[in-house]
Amino acid sequence: MELRSVEELMDLLYACRHLRALRTAALLRRGRPADKELQIAGLVQGIEDLLGPADGAAHAVRHLLGERVYHLVRGDGAAVRDDVLRLRQAHEESRTASFDAGVLEDWRTVLELVAARNSRLGAVD
């Protein structure tokens, strides 16, 4: 499955249990506020419940959100090794974290910005 729009991704996120994904993304936002791709990777890990392991989720968002998000969700790539570790730590911390992580709709704009930036970069390649 390949997601072609933020709307399709939002539908999947709403369909899965997204509270933990929201917490993961919020934790990453606190630790790395400027790194939107890392935050988005934490959020989209939630679709693994519907699409299978990280590889399925990563392939689904690759075209829409770009190579870096793809590698972060897959958990591979030497260029993102430290960020994969941060992502895993935030995901683990989200199990026991108890704070208001906001609502999924709060992330729509960030998803749209990352998707738009990725589509512009893809058009240049």
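This talk walks through a predicted model of one protein chain, looking at how three of its helices pack and then at four single residues.

Let me begin with helix H3, which runs over residues 36–44. If you look at how well H3 is covered by the rest of the chain, you will find that eight of its nine residues are buried, and the helix is described as mostly covered. The buried ones are Glu37, Leu38, Gln39, Ile40, Ala41, Gly42, Leu43 and Val44.

Which residues does H3 meet when it packs against helix H6? On the side of H3 the contact is made by Glu37, Leu38, Ile40, Ala41 and Val44, and on the side of H6, which spans residues 67–74, the partners are Arg68, Val69, Leu72 and Val73. Sorted by class, this contact has seven nonpolar residues, two charged ones and no polar ones. As for the geometry, the two axes come within 9 Å and cross at roughly 50°, and H3 and H6 are therefore oblique to each other. For those of you who are rotating the picture, the crossing of H3 and H6 is right-handed.

We can now turn to the packing of H3 with helix H7, which covers residues 81–96. Here the angle is about 45° and the axes lie 10 Å apart, so this pair, H3 and H7, is again called oblique. The crossing of H3 and H7 is right-handed. Leu38, Ala41 and Gly42 come from H3, while Asp83, Arg86 and Leu87 come from H7. By class, these residues of the contact between H3 and H7 divide into three nonpolar, one polar and two charged.

That leaves the pair H6 and H7, whose axes come within 9 Å and cross at roughly 55°, which makes H6 oblique to H7. The crossing of H6 and H7 is right-handed. In this contact Arg68, His71 and Leu72 of H6 meet Asp83, Val84 and Leu87 of H7. The residues of this contact, H6 with H7, comprise three nonpolar, one polar and two charged.

With the helices in place, I would like to go through some single residues, and Gln39 is a good one to start with, since we have already met H3, the helix in which Gln39 sits. Is Gln39 buried or exposed? Its relative accessible area is 0%, so Gln39 is buried, the limit for that label being under 20%. Leaving aside residues up to four places away in sequence, Gln39 touches Ala25, Leu28, Arg29, Arg32, Pro33, Ala34 and Trp107. The C-alpha atoms of Gln39 and Ala26 are separated by 7.3 Å, and these two residues are 13 residues apart along the chain.

Next comes Val6, which lies in helix H1, residues 6–15. With a relative accessibility of 9%, Val6 counts as buried. Beyond residues up to four places away in sequence, Val6 touches Leu64, Arg108, Leu111, Glu112 and Ala115. Between the C-alpha atoms of Val6 and Arg62, which are 56 residues apart along the chain, the separation is 12 Å.

Leu64 appears again when we look at Asn118, a residue of helix H8, which runs over residues 108–124. A polar atom of the Asn118 side chain lies 3.3 Å from the backbone oxygen of Leu64. Not counting residues up to four places away in sequence, Asn118 touches Arg62, His63, Leu64, Leu65 and Gly66. The relative accessibility of Asn118 is 17%, and this residue therefore counts as buried.

Finally, let us look at Glu105, which is placed in the loop between H7 and H8. What is the relative accessible area of Glu105? The value is 36%, so Glu105 is classed as partly exposed. When residues up to four places away in sequence are set aside, Glu105 touches Met10 and Tyr14. With Tyr14 there is also a polar contact of 2.9 Å, which joins the side chains of Glu105 and Tyr14. The C-alpha atoms of Glu105 and Glu67 are separated by 24 Å, and these two residues are 38 residues apart along the chain.

Technical notes:
Residues are numbered from 1 along each chain as its sequence is written. This is a predicted model: local features need pLDDT of at least 70, side-chain atom pairs count only at pLDDT 80 or more; totals for chains, interfaces and linings use all residues. Side-chain values use heavy atoms; hydrogens and water are left out. Axes are lines fitted to C-alpha atoms, for helices over the stretch in contact, and angles run from 0 to 180 degrees between N-to-C directions. Helices (H or I, at least four residues) and strands (E, at least two) are DSSP runs, numbered from the N terminus. Angles under 35 degrees count as roughly parallel, over 145 as roughly antiparallel, 65 to 115 as roughly perpendicular and the rest as oblique. A crossing is left-handed if the near helix is turned anticlockwise from the far one by less than a right angle, and right-handed if clockwise. Contact means heavy atoms within 4.5 Å. Ala, Val, Leu, Ile, Met, Phe, Trp, Tyr, Cys and Pro count as nonpolar, Asp, Glu, Lys and Arg as charged, and the others, Gly among them, as polar. Buried means under 20% relative accessible area, exposed over 50%, partly exposed in between (1.4 Å probe, protein chains only). A polar contact is a pair of N or O atoms within 3.5 Å; within protein, one must be able to donate a hydrogen and the other to accept it, and residues adjacent in sequence count only if both atoms are side-chain atoms.
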